[in-house]
Every structure is written in C-alpha cells, then in structure tokens.
Amino acid sequence: MTAISERQQRAYIASQAADMRVNVELETEGMTLNIGPQHPATHGTLRIIVKLDGEQVVAADPVPGYMHRGYEKLTEVRTFPQVNSLINRIDWLGSFANEVPFILAAEQLMDVEAPPRAQWIRTLLFELSRIANVTLFLGDMAVQLGAVTPVFYAFRDREYVLNLIESATGGRFHPNFDRIGGLKDDLPKGWIAETKQVMVKVNAFCDELETLLVGNEIFNLRTRGIGVIPPEVALSYGLSGANLRSSGVDWDNRRDTPVGLVYDKLDWKVWTHPDGDSFARYWVRLQEVREAAKMVIQLCDGLPPGPIMAKVPRIIKVPAGEAWVATENPLGEMGYYVVSKGDLVPFRVKIRSASFNNISIVPWLLRGVYVPDVITILASLYFILGDIDR
Amino acid sequence: MSAVVLADLAYWQVSILRVLGLLAAVLLPAGTIVYLFLFKMMSFMQSRLGPMEAGPYGSMQLLAEVGKWLQKEDLFPNGADRRVFAWAPIVVVASTFIMYTVVPFGPDAWFADIPTGIYFALAVSSVSVIGILMAGWASANKYSLMGGLRSAGQLIAYELPLVLAVLGVVIQAGTMNMQGIVEAQRNGEMFGVGFIGNPYIITQFVGFAVFMIAMQAELTQPPFDMPVAESELVAGYMTEYSGFRFLLFFIGEYATAGAFSAIAAVLFLGGWALPGIGFDADIMNLLGPLVMLTKMMLIVFLVMWFRFTYPRFREDQLQIFAWKYLIPVSLVNIAVTAVLKVAF
C-alpha cells in the first residue's frame, strides 16, 4: 500500500467536501464547463475544465497539449544552426528572445564568446522583443476585461517595434538572426535614430494606457484583489518573470544570473509589486515595458564598434558536454539544457519555457473564484500557447 | 395637413401606412447607428478606418453584411428546443417594434397615442428579457444558458432605476403621455425665461444620468455587457445563432438602442419640438422626425462612447451598482422633484 501523507489526505477530504457542498448543502447541481480548446479567452488552444457551482469555480483543471509540436524531439535531428529557426516558434510574440539562451548554451559548450558589439545588439533586440511581446499583453488584458479599444492601440504601437525588428533582422515575427559566435548581420543604416524615435512612441503608449486603464475605476474593481498569489506559493509553483515579481519576490534573471548579455552595464531597475493580484501583474508589466524602452535607448547610445561575429568553424560541431542557460524572457524564465555528444546535432535539448510553469498554478488559483474572474486571472497570468505546448 | 389626409383614408389604409412608417422608424435609425457608430466611430476611436470598400466610404457595408447573413444556413444545434430557439429572436425584435409605437415624431406623426405612453414603452421593453431567456435556454449550450441567466438578472435589476428615473419627468410634466411630455417641455419655462422651453435635462439632470446608465445596462452594452461578454461567454445567449436569426438579434440590439434613445430624447431633450415654430404647425411633421433623429444620435453617441472606452463590470459589482447607488439616487431625485413640484 502506498503511503499517503497527512497533507494529501487533507487535500482529498477538502476536495470531497467541495463536491458534497455542491450537491447536498445547497441542493444545487454542479456544472462542468469546458473553457476551450476553442474559446476567445485562451487565445490559442488551451482547455480548462471548470467545475462550477452557479458561477463559482469549485475545481479547475488545465489541459495543455493541443498544440504540442514536439520541439524537444525535433531538435535531435537538426544541426545546431537549424535548431535556431525551430525554437523561434516557441514564444511567437517575442521570437528573438527564444534564440538567445539556446545560442548562449551552445557557445558555452564550444567555449566561444561573441564580440562585445554582438552582445550589445543581442541585448537590444532582446529588449525590443520584450516590448513587442508585452505591449500586446497590455492591450489583450483590456480586451479580456471587455474594453475593446486598448488592444488596437497596442497593435498600432507594436507595429513600429516589429518594423524595427524587421529592418534589422529581415523577419517580423521569426527573425532567426542569432548565430553561434555572434549575429548574422550588423544593424542597418539609420536604425539607431529610428529606434530612439520609436521608444518615444512606446513610452507614449504606456502613458496612454496608464490613464485609460490603470486609472479606470472599473479596471481597478475587476483586477484588485483578484487572483492573489502569495510569494511562497508563487515560488513553490515555479512561477517566473513578472508573475513572480508582482508577488513581491525580487528576482530577475537579467540582474541575478547574467550570462552573455550586457545588462550589468546598464542603468535599470527591477520592478516588484507587493500585492500579487491581477492588478499587480498588469502594473509590473507596464513598468517593465517602460524600463525596456529606457534600456533600449541606453543600448543605442552605448553600442560599441567592432566585429559582430567571433571566429567559428564553418561546419559547427559542438564538443561533448552539457550546458544550462536561462534568461529572463518576456514571459518569464526560459532555459535550455543542451546535451551534446560532439556531433552536428544536439543529443538532447530540454526546454524550460515560462508559460508552462506559470499556468501550473491555475488549479490552485481558480478555486472559489467567479467565472468572470477566471478570465481576468488567465489574462493576467499571460501565457502564450506556443510557450506552454512547445 | 397630414392629419387631414389621414382622416380621409379608411382605417385599414391608415394601419398599413402606420406599419410601413414603423418599419422605417425602426430600421432607419438602427442602420444609421450601425454605420455611424459601430462601423465608423468605433474605427476612428481605435485608430483605424473601418469599412471603406463597399460603396462610397463603406456606407453600403451594412447591406453587404445583411446579404451575407441572409445567405447563411438556418442552423439548429443538436439538442436545441427547436420551436423556442426559432421564436426567441422574434420575441426580442417584437418588443423593440412595440416600444417605438408610442414615440411621437411630430404633432401628427405618431403611431399610437396612448395616454400612458411612457408606462407602456417601459413595460414592453421588458418583454425582450423573455426572448433572451428563451434563447439562452433553448440553445442547449452552457455559455448561452449562463448568458441568458445573467441577462435576466441584469435587466430586472436595471429596470427599476430606469422606471424611477422616468418618474421624476412624469411628476414634472404631470402626464404619462409622450406627446404631453413634449408639449410640457415646449411650453415650460425656466425662471420666467420661456424661449427654448424647459428641456428636462436641466431640471432632471440626476434623472437623465440615472436613465442613461440604466439604459446602457438595458441595452447590454459595455460596461454592462455581462450577458454577451465575448471574452467569457463567447457570445452569451447569441452563441448558437447564425444567419437570419442572428441578424434579428443584431437588428434588435441596435433598434433597441434607437428606441431607448428616442424615449430619452422625448423625456429629457424636448422631443421633436423646435422653438419658434408653433406646436401644431404642419411643417413639424416633416422637421420633427429629423429633429428626433439628431437628438437620438446624440444620445446613442454617448452610449457608444462609453461602450468603446470602459471595461466591463463583474456580475455582482453590476448588481451592487444598481441596488446600492442608482436606486437610492433616483429615489432621492423623485422625492426632491415631488417636493419642488408642490412648492412651486
């Protein structure tokens, strides 16, 4: 017989009691509602099985995997440079940020270091993809709460950032720009001046949302105190990124585990919020966009001259070994554990994507809330389906 | 003039003319609202152009949409209560049509001159709740059911402030007849100044504010769009509808917006009357509808402005707002109005 801990016993009794409450005490019948896989609030194919008592959630069970593409397995039959184009598609809104940790892991194995200019441009594009990603969240959260207008502003101002990424890399959504040992190309002419202008627009967008949404009474009513995650719970579920920081945990991979990027040379701040509710998650992300815009301007100013590519062999064979590199991606901590056997292809790649861990808290968080709050909480956790299912 | 013409016609001829007029009165404002506000104003507020291809400046877009909906298959979901499912949109649209009947557009341009017109209009406006509940129940869809139930709760809660806000006007005008309310506003005077009459938006401003908020909720427009909350309930009670039946719901939504704004225009903005032109002048039968349309569009503009700006309430917050704030405020308004009416 398997031993059952006291905690498991209590959890079982509590869940039974919850079911009993639905059926006996109130003499109401529970209802099982499938939110998804096709549902406007999941912006993708996430399915959440929700047991309802009236409009109150008794139990919620997320079912990911409808969009599983088997990237971890696919990497094993692709050479290292080919893997790069594949992992662009994990978090499709901030694609460049997906490439960086993998390339850094490969560089670590090969013992190559990118030249300083390449590192600065990498950081620059990394922050641009953060802006491109999180601005969409800032509008999307409003749509989930019923305000249709901010999302169009988000798309409008995000377009400028995407244009920048496109003119620098050639790809709007999937740049595939990072190379082992540096970057594919240098920045085009006039790009720096244009970037600074766009950052003014991004800041204006943040100010606009601050007055339109953050100061709105209904927005405050809908988000404050909804979906509160205490810091210890957030840590135990492995949350990362803004979801963790909005619970008051001061942890940022950019500052605390700097690898290969130049964040230590910049003047910036890690934003946290003590509340841990949906409002805090929105607010922290809003500040992070501003902070990213600030960083981009600093990066533009301090861009060192020099080559953008280190000396690497034409055919890349990565020496045998294992490497783990994690960076602070737009959605949270994203890491690659790369195992190489000295071949053209990696032997095994484990992808730690942020959204998968971020939605693991959903069953804990959704218990006892109302259906409209389910949407608020899911929106504020901010996941991207590609990042959950890989 | 038209009164003379109408008097010469047989009863059935007058009835047919009235029905045609009612059709125009329901559909023309609804179409104008959809094009002006839903297509164009919304787009401009969201930094885009909206429909531009169909007709000059996209003005024929609505016809294209209607054509598209008419072509679609008349779908019934498995397990749906077919008869109830089919009748639900008709019930909703019927209540809108009946609401329009009591609205006067000129000295003789009315469809039915009921002595208790405003009472009748508010009463039949609640019939649409039945249609929405029917749609929610008969769709055999959990989202629809939740949308229908939310809708019922919301509409019943906001009926009360709506009626109470109207009571202030009725007390001041001393009549429930819509034509009488227009006349009272035209012939009224403020502090001895009778040039533009006395539109009740000035003396009944609290009532107007409460009426506008309750109207927003009755129309289930954001921030009170819990029943159709598209990010939660897909489309609420309309989820399973397509084709012609969806079109009926769609017309119903914007025609009801027109009907409520027409009532608001009569109650608070002085209706069809123009200062300087006699109350019974025949020319007002032509100008009156235009004046009414302008005032209606002004009010719908307010409704749509709120709609495109605010996030939506949660169900309980919405009820709290109605019962704890709107109803007490409108009760105080009634008491103050009654006291002042007796005093002056």
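## Strands E1 to E3 of chain A

E2(A) and strand E3 (residues 56–63) of chain A pair in the antiparallel sense, with seven bridges between them. The model is predicted. One bridge in this pair joins A:Ile48 to A:Pro62 of E3(A). The hairpin of E2(A) and E3(A) has two residues between its strands. There A:Gly54 adopts a positive phi near 70°.

E2(A) also pairs with strand E1 (residues 31–35) of chain A. That pairing is antiparallel too, over five bridges. A:Asn34 has A:Ile49 in E2(A) as its bridge partner.

## Two faces of E2

In a regular strand, side chains alternate between the two faces of the sheet. Strand E2 (residues 47–53) of chain A shows this alternation. A:Ile48, A:Val50 and A:Leu52 point to one face, and they are buried. A:Arg47, A:Ile49, A:Lys51 and A:Asp53 point to the other face and are not buried.

The bridge partners can be placed on this pattern. A:Ile48, the partner of A:Pro62 in E3(A), belongs to the buried set. A:Ile49, the partner of A:Asn34, points to the other face.

## The E6-E7-E8 sheet

Further along chain A, three strands form an open sheet in the order E6-E7-E8, with antiparallel pairing. Its edge strands are strand E6 (321–329) and E8 of chain A, each pairing on one side only. On average, neighbouring strands of this sheet are turned by 10° against each other, direction ignored.

E6(A) and E7(A) pair over nine bridges in the antiparallel sense. Within that pair, A:Ala323 has A:Val338 in E7(A) as its bridge partner. Strand E7 (residues 332–340) of chain A pairs with E8(A) over five bridges, again antiparallel. Here A:Tyr336 is bridged to A:Ile351 of E8(A).

## Edge strand E8 and helix H4

Strand E8 (residues 348–352) of chain A has alternating side chains. A:Val349 and A:Ile351 are buried and point to one face. A:Arg348, A:Lys350 and A:Arg352 point to the other face and are not buried. The bridge partner of A:Tyr336, A:Ile351, is thus one of the buried residues of this strand.

A helix lies across part of the sheet. Helix H4 (residues 95–110) of chain A crosses E6 and E7 of chain A. H4 runs at about 150° to E6(A).

## Chain B: an all-helix chain

What does chain B contain in helices and strands? There are 13 helices and zero strands. The radius of gyration of chain B is 21 Å, close to the 20 Å given by the globule rule for 344 residues, so chain B is as compact as a globular protein of that length.

Along the principal axes, the C-alpha atoms of chain B fill a box of roughly 65 × 50 × 45 Å. Buried residues make up 49% of the 344 residues in chain B. Among contacts in chain B with a separation of 6 or more, 78% join residues 24 or more positions apart.

## Where the chains touch

The contact takes 22 residues from chain B and 26 residues from chain A. On the side of chain B, the elements giving two or more residues are helix H12 (284–309) and helix H13 (315–343). By class, this side of chain B has nine nonpolar, five polar and eight charged residues.

Note on methods
Residues are numbered from 1 along each chain as its sequence is written. Chains are lettered from A and ligands numbered from 1 in the order in which they are written. This is a predicted model: local features need pLDDT of at least 70, side-chain atom pairs count only at pLDDT 80 or more; totals for chains, interfaces and linings use all residues. A residue is buried if 20 or more other C-beta atoms lie within 10 Å of its own, exposed if 12 or fewer, and partly exposed in between; C-beta atoms are placed from the backbone. Helices (H or I, at least four residues) and strands (E, at least two) are DSSP runs, numbered from the N terminus. Two strands pair if DSSP finds at least two bridges between them. The radius of gyration is taken over C-alpha atoms; the globule rule is 2.2 Å times the number of residues to the power 0.38. Two residues are in contact if their C-beta atoms, placed from the backbone, lie within 7 Å. Ala, Val, Leu, Ile, Met, Phe, Trp, Tyr, Cys and Pro count as nonpolar, Asp, Glu, Lys and Arg as charged, and the others, Gly among them, as polar. Axes are lines fitted to C-alpha atoms, for helices over the stretch in contact, and angles run from 0 to 180 degrees between N-to-C directions.
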